[in-house]
Amino acid sequence: MHELSMADAIVKTAIDVAEKNDAQEITEVTIEIGKLAMLNPEQLKFMIEVLSEDTLLEKAEVIIDEIPIEIKCRSCNFEGLAISDDTDHYVPIVTCPDCEGRDIEIIKGRECNVKTIKIEKEDEDA
């Protein structure tokens with residue numbers, strides 16, 4: 001289960017950024033997960049919530065955006081969104097929508113990124 005290690009990295013990244021910006025709390029974190037990242041979004045979100053207890057991230061809204069699979073087909077030169085068979089969670093099958101070939105290059109869909117971190121800072125006028 002690599003969701004735990006990814007959740008830990010995301011929590012540490014968000015807290016590090018917030019602390020460097022003198023944040024009082026983190027209000028929102030948006031994460032991008034590619035369909036081929038082999039991460040379960042619900043499990044990842046749950047683990048982030050557990051790991052963020054008693055931190056600046058504790059009350060933050062966690063938003064997860066799924067990145068679709070984009071490919072370049074080496075057989076027919078198609079570039080765009082792929083067809084994927086998700087019936088096998090461990091080995092998704094990705095094919096070209098034009099020629100149904102499997103000789104493809106994955107352009108997008110494997111990433112896991114912290115896209116945005118929204119923070120609240122102390123009012124400097126106080």
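**View 1. Strand 3 pairs with strand 7 in this predicted model.** Strand 3 covers residues 70-73. Four bridges join strand 3 to strand 7. The two strands run antiparallel. One facing pair is easy to find: Glu70 of strand 3 stands opposite Lys108 in strand 7.

**View 2. Strand 3 also pairs with strand 4.** Three bridges link these two strands. Here too the pairing is antiparallel. Look for Lys72, which stands opposite Glu79 in strand 4. The hairpin of strand 3 and strand 4 has five residues between the strands. Which residue in this hairpin takes a positive phi? Asn77 does, with a value near 70°.

**View 3. Three strands make an open sheet in the order 4-3-7.** The pairing is antiparallel. Strand 4 (79-81) and strand 7 (104-108) stand at the edges. Each has a single partner strand, so one side of each is left without a neighbour in the sheet. From one strand to the next, the twist averages 30°.

**View 4. Side chains alternate along strand 3.** In a regular strand, side chains take turns between the two faces of the sheet. Which residues of strand 3 are buried? Ile71 and Cys73 are, and they point to one face. Glu70 and Lys72 point to the other face and are not buried. Both of these have appeared above: Glu70 stands opposite Lys108, and Lys72 stands opposite Glu79.

**View 5. Thr95 sits in strand 6.** Strand 6 covers residues 93-95. Is Thr95 buried or exposed? Thr95 has a relative accessible area of 13%. The cut-off for buried is under 20%, so Thr95 counts as buried. Leaving aside neighbours within four places in sequence, Thr95 is in contact with Ile71, Ala82, Ile83, Glu100, Gly101 and Arg102. One of these partners, Ile71, is itself a buried residue of strand 3.

**View 6. Another open sheet of three strands has the order 2-1-8.** Its pairing is mixed. The edge strands are strand 2 and strand 8 (112-121). Each of these edge strands pairs on one side only. The twist averages 20° from one strand to the next.

**View 7. Strand 1 and strand 8 pair over nine bridges.** Strand 1 covers residues 23-34. The two strands pair in the antiparallel sense. Glu32 marks one place to look: Glu32 stands opposite Asn113 in strand 8.

**View 8. Two helices lie across strands of the 2-1-8 sheet.** Helix 1 covers residues 3-20. Which strands does helix 1 lie across? Helix 1 lies across strand 1 and strand 8. The angle between helix 1 and strand 8 is about 35°. Helix 2 lies across strand 1 and strand 2. Helix 2 runs at about 155° to strand 2.

**View 9. Ser52 lies in the loop after helix 2.** This loop is between helix 2 (41-51) and strand 2 (61-67). How accessible is Ser52? Its relative accessibility is 2%, so Ser52 counts as buried. The side chain of Ser52 reaches the backbone oxygen of Glu49 at 3.1 Å. Setting aside neighbours within four places in sequence, Ser52 is in contact with Leu57 and Glu58.

**View 10. Stepping back, the protein has two helices and eight strands.** From the N terminus on, the elements run α-β-α-β-β-β-β-β-β-β. The radius of gyration is 18 Å, well over the 14 Å that the globule rule gives for 126 residues, so the protein is more spread out than a compact globule. The C-alpha trace spans about 65 × 30 × 15 Å along its principal axes. Buried residues make up 31% of the 126 residues. Among contacts with a separation of 6 or more, 74% join residues 24 or more positions apart. The protein exposes about 8,000 Å². Carbon and sulfur atoms supply 45% of that area.

Conventions:
Residues are numbered from 1 along each chain as its sequence is written. This is a predicted model: local features need pLDDT of at least 70, side-chain atom pairs count only at pLDDT 80 or more; totals for chains, interfaces and linings use all residues. Side-chain values use heavy atoms; hydrogens and water are left out. Two strands pair if DSSP finds at least two bridges between them. Axes are lines fitted to C-alpha atoms, for helices over the stretch in contact, and angles run from 0 to 180 degrees between N-to-C directions. Buried means under 20% relative accessible area, exposed over 50%, partly exposed in between (1.4 Å probe, protein chains only). A polar contact is a pair of N or O atoms within 3.5 Å; within protein, one must be able to donate a hydrogen and the other to accept it, and residues adjacent in sequence count only if both atoms are side-chain atoms. Contact means heavy atoms within 4.5 Å. The radius of gyration is taken over C-alpha atoms; the globule rule is 2.2 Å times the number of residues to the power 0.38. Accessible areas come from the Shrake-Rupley method with a 1.4 Å probe; for residues, only the protein chains shown count as cover.
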